[in-house]
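Student: I would like to take one part of this protein and look at it closely, with the criteria behind each term spelled out. Please show me the sequence and structure before we begin.

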Amino acid sequence: MANAGLRAYREVLRLVRRLPADARPYYAKYARENFVNYRDLSADDDLAALLRRAYGHSSWVLSKYSIDADAAAGRLKEVCGAEGGA
């Protein structure tokens, strides 16, 4: 699970590209700030919880912009190990 945080960040940035152009800078910055804040997290349980939260938040943002979150965030769901969101 060591690289799971970096893989999740990469997938979140891929999802940001699906958002409307005017919303992309805000969500890209938001994602970066949140991943930077938790980059030194060491406990696997804490990391797993944060990854599930990242999936849940990403799904919510996608649905806010009427993007099918289930189809778009499939790879993020695999990385995060989410069982249907937060």
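Student: Which are the buried residues of H3? Please take a close look at that helix and connect it to the rest of the chain.

Tutor: The model is a predicted one, in which local features need pLDDT of at least 70 and side-chain atom pairs count only at pLDDT 80 or more, while totals for chains, interfaces and linings use all residues. Residues are numbered from 1 along each chain as its sequence is written, and side-chain values use heavy atoms, with hydrogens and water left out.

The buried residues of H3 are Leu-47, Ala-48, Leu-51, Ala-54, Tyr-55, Gly-56, Ser-58, Ser-59, Val-61 and Leu-62, where buried means under 20% relative accessible area, exposed over 50%, and partly exposed in between, with a 1.4 Å probe and protein chains only. Helix H3 itself covers residues 44-64, which is 21 residues, and reaches 30 Å from its first C-alpha to its last, close to the 30 Å expected at 1.5 Å a residue; that expected span is 1.5 Å times one less than the number of residues in the helix.

As for the setting of this helix, the protein has 5 helices and 0 strands, and the order from the N terminus on is α-α-α-α-α. Its radius of gyration is 12 Å, close to the 12 Å that the globule rule gives for 86 residues, so the protein is as compact as a globular protein of that length. Helices (H or I, at least four residues) and strands (E, at least two) are DSSP runs, numbered from the N terminus, and the radius of gyration is taken over C-alpha atoms, with the globule rule being 2.2 Å times the number of residues to the power 0.38. The C-alpha trace spans about 35 × 25 × 15 Å along its principal axes, and buried residues make up 35% of the 86 residues.

The buried residues of H3 pack against helix H1 (4-16), helix H2 (24-37), helix H4 (69-72) and helix H5 (74-80), and contact here means heavy atoms within 4.5 Å. For the protein as a whole, among contacts between residues at least 6 apart in sequence, 64% join residues at least 24 apart.

Ser-58 gives a view of this packing from within H3. At 12% relative accessibility it counts as buried, and, not counting residues up to four places away in sequence, Ser-58 touches Val-12, Leu-15 and Leu-76. Seen from the other side, Val-12 lies in helix H1 and is buried too, with a relative accessible area of 9%. Once neighbours within four places in sequence are left aside, Val-12 is in contact with Ala-31, Phe-35, Ser-58 and Leu-76. A further link to H3 can be expressed as a distance, since the C-alpha atoms of Val-12 and Tyr-55 are separated by 8.4 Å, although these residues are 43 apart along the chain.

Another residue of helix H1 to consider is Ala-4, which counts as buried at 5% relative accessibility. Ala-4 is in contact with Leu-51 and Val-79, again leaving aside neighbours within four places in sequence, and Leu-51 is one of the buried residues of H3. Ala-4 and Leu-47 are 43 residues apart in sequence and 8.6 Å apart in space, C-alpha to C-alpha.

At the other end of the account are residues that are not buried. Lys-64 is found in helix H3 and is partly exposed, with a relative accessible area of 45%; Lys-64 and Tyr-9, 55 residues apart in sequence, are 20 Å apart in space, C-alpha to C-alpha. In helix H2 there is Lys-29, which counts as exposed at 55% relative accessibility, and whose C-alpha atom is separated by 16 Å from that of Gly-5, 24 residues apart along the chain.

H3 is followed by Ser-66, placed in the loop between H3 and H4. Ser-66 is exposed, with a relative accessible area of 69%, and its phi is near 55°, a positive value in a residue other than glycine. Most residues other than glycine have a negative phi.
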